[in-house]
Amino acid sequence: MSLLAVDDLDLRIARSGQTLLRDVTVSIERGSIVGLVGESGSGKSMFSLALMGLLPDGVEVSAGTAEVAGRPIFRGASRSYDTAVRDRIALVSQNPRAALNPTMRIGKQMVRVLRQRRRMGKIQARDEARELLRKVGISDPLRVERAYPHQLSGGMCQRVVIAMALSVQAPVLIADEPTTGLDVTIQAQILLLLKELMADGDRAVLMVTHDLAVVSSMCDQVIILYGGQVMEVGPTQDIFHDPVHPYTRFLLESLEDHVPSADDIGDRVTESSVDFSLAGCRFAKRCPFSTDLCHREPPLARRSGTRTVNCHHRGVS
Amino acid sequence: MSPLLQVDDLVITYMNGRRRVPAVRGVSFAAEPGETIALVGESGCGKSSTARAVAGLEAPTTGRVRMAGHDVGAIARDPKLRHLVQMVFQHSDQSLDQMWTVERIVAEPLARMHRMRRGAARDRVVPALAEVGLGDEYLTRRPRDLSGGQAQRVAIARALITRPQLVVLDEPTASLDQSVRSRVLALLQRLQNERKMTYVFISHDLASVRRIAHRVAVMYLGRIVEVGPTAEIFRNPMHPYTRGLLESEPRVTPNEPWEITPMRGETPSPSAIPTGCAFQGRCPLAGPQCAAVDPRLVEVAGGRLLACVKKD
């Protein structure tokens, strides 16, 4: 059974009725890392905010269901966020310093969370905090627990945030651009840490990122998002090896180590910003294969084996 | 061919209170007309300070930066010469004046440097925009109406309208989406081929560097640790830091899972650089002589320079 199961989720701006995210379906098994990939304006961060109950005012869940470890995330007719699922989902975000309290020493912040969320006593919480800091690769936890966030490097702060995410023992971890802004050697350390933490198979990670190389090296499954619409879903190796959706093909052709071929479509993809009022496929304006149908109606998900393609014309055969 | 750009023993030191913090600790390199040299490295390596000094925006503490024999500081101050050096920044959406139209933004260097009137300038602005793939309809737009890629194209058009010989590109694609980045890099390459400009390309993104640079200089804590032709650096990195950097970079390898091999430790603070080799604390090869000897950048093969006492 999936740890995180999202079915046909829609997000819209309440006032205008404009759909920001359309029919997003995500399923993550225990022990697996799924990548949600998209460029700016794809709605990938809005999706993770929805799962955390942190949607900005005026944006609402207008359709669909979501469950984490068997418990519904949105309740009632208004699909309001059920705060009881908070300890089942932890977030590791792009700016680790902003996630930490700047006026409180690291140790105190961690002890606080452990005492509140796991009902630990003072001494027990302190020992557990040290243990967690060691677990995320911090060799001198005594120094780190006495430090304030501004005294630590970005990579160190991100380790602390990951330790705090682990401290609530949430089965689902959302890593929203966890290494964007970090240096490449530190990024490698953090990615390896996330991978190692997955090794016991108890958790599931949703990795939200714009970086295809990170996805290719970390994720078992990929969901490609464009303009708030899922374009293609499948096992990472298959998608990178044999992309089907025109947008996925275009995206992979733009990679620096792409070897040009006669089948490339990149030059025929026009430039245009995402139009959220579009009734049809969100990529139709740019797509070299689009027809009237594409502009008129949103594409349905065509499934075949482990892969799904949302395109009127190019379903997996 | 004599180099267009010549950087000799550049040192830049900032004051932090009363403490001197070295950002650039003796950097030398040269670049030919039509060549792209990339300065790569992580935060604190001094690449952006070097870039600013090359563009004449920052005075060296010691050392010299010369272009075609002239000091760049003097070029930047000379109204007749300063059009020869231009710079493109990372956040073009923020570095462009939000209140101005695209036409005014792109024409400004002409007005400022050549005292050109608006009508005459327009005859240059329209083809300059066309060269970066933007039509006449963009003349009246303002930065807020532009996407990140379009804003970067406008910044490039603005930098190139004065026909510079040297362009400093400071992370020009870092804030762009993957598919947009690829097109901006292709555009920069095409313009360079047409005009034989010299690019100094600052980046932490190795994939972009591999695509656009002819030569790469790898920097660590204010020094160049390795220089060489791009293909050779990527095929056979010699400095342990270069190796660690390349191995840390995630790659798209559809047929084999990438084994993550991180380099240990973090870059020390520029105010606490160890004596001897600055990299010794993270280096897998470090030995006693690394703490004793501060390695100099010396030629080890044709066109390849290395600063490491452990070289074979």
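Okay, let's start with one helix. Helix H7 of chain A covers residues 184-198, which makes 15 residues, and at 1.5 Å a residue that should span 21 Å. The C-alpha atoms at its two ends are 21 Å apart, so expectation and model agree. And yes, I do mean model: what you're looking at is predicted.

So is H7(A) covered or open? It's mostly covered, with twelve of its 15 residues buried. Among those buried residues you'll find A:Val184, A:Ile186, A:Ala188 and A:Ile190. There's also a run of leucines on the buried list, A:Leu191, A:Leu193, A:Leu194 and A:Leu197, and A:Met198 is on that list too. A few others there are A:Thr185, A:Gln187 and A:Gln189. As a reminder, an α-helix has 3.6 residues a turn, so residues three or four places apart point the same way.

Let's zoom out to the rest of chain A. In total, chain A has eleven helices and 14 strands. What would we expect for its radius of gyration? With 317 residues, a compact globule would come out near 20 Å, and chain A has 21 Å, so that agrees. If you lay the C-alpha trace of chain A along its principal axes, the spans are about 65 × 50 × 35 Å. Of those 317 residues, 53% are buried. Now take the contacts in chain A with a separation of 6 or more: 61% of them come from residues 24 or more positions apart.

Chain B next. Here we count eleven helices and twelve strands. Its radius of gyration is 20 Å, close to the 20 Å that the globule rule gives for 312 residues, so chain B is as compact as a globular protein of that length. The box around the C-alpha atoms of chain B is roughly 70 × 50 × 45 Å along the principal axes. Buried residues make up 51% of chain B. For contacts with a separation of 6 or more, the share from residues 24 or more positions apart is 64% in this chain.

Now a couple of residues to click on in chain A. Take A:Val208, which sits in strand S10, residues 204-209. Buried or exposed? A:Val208 has 0% relative accessibility, so it counts as buried. Leaving out residues up to four places away in sequence, A:Val208 touches several residues, including A:Leu36, A:Lys44, A:Ser45 and A:Ser48, and also A:Ile174 and A:Ala175. If you want a distance to check, A:Val208 and A:Gly53 are 155 residues apart in sequence, and their C-alpha atoms are 16 Å apart in space.

The other one is A:Ser93. You'll find A:Ser93 in the loop between strand S8 (89-92) and helix H2 (96-99). What does A:Ser93 touch, not counting residues up to four places away in sequence? The list is A:Ala99, A:Gln158, A:Asp176, A:Glu177 and A:Pro178. Look at the end of that list, and then go back to A:Val208: A:Asp176, A:Glu177 and A:Pro178 are among its contacts as well. One more distance here: the C-alpha atoms of A:Ser93 and A:Gly154 are separated by 12 Å, with the two positions 61 residues apart along the chain.

Okay, backbone oddities, one per chain. A:Arg119 isn't a glycine, and yet its phi is positive, about 55°. A:Arg119 is in the loop between helix H3 (106-118) and helix H4 (122-135) of chain A. With 72% relative accessibility, this arginine counts as exposed. Over in chain B, B:Ala68 also has a positive phi, near 45°. Its loop runs between strand S4 (62-67) and strand S5 (70-71) of chain B. B:Ala68 is partly exposed, with a relative accessible area of 47%.

Last topic, cavities. How many are there of 30 Å³ or more? The structure holds six. The largest has about 90 Å³ of space. Its lining has 14 residues, and nearest the centre are A:Cys281, A:Cys287, A:Cys294, A:Cys311 and A:His313. That lining divides into nine nonpolar residues, five polar and no charged.

The second largest cavity has about 70 Å³. Chain B residues line it, including B:His239, B:Cys277, B:Cys283, B:Cys290, B:Cys308 and B:Lys310. This lining splits into eight nonpolar, two polar and one charged.

That's my tour, thanks.

Conventions: Residues numbered from 1 in each chain as written. Chains lettered and ligands numbered in written order. Predicted model: local features only at pLDDT ≥ 70, side-chain atom pairs only at ≥ 80, totals over all residues. Heavy atoms only, no water. 1 Å grid on protein atoms, 1.4 Å probe; cavity = no way out; pocket = protein on both sides within 12 Å on 5 of 7 lines; lining within 4 Å. Points joined across faces, edges and corners; volume = space filled by probe spheres on them. Nonpolar A, V, L, I, M, F, W, Y, C, P; charged D, E, K, R; others polar. Helix = DSSP H or I, 4+ residues; strand = E, 2+ residues; numbered from the N terminus. Expected span 1.5 Å × (residues − 1). Buried < 20%, exposed > 50% of the residue type's maximum accessible area, 1.4 Å probe, protein only. Rg over C-alpha atoms; globule rule 2.2 N^0.38 Å. Contact = heavy atoms within 4.5 Å.
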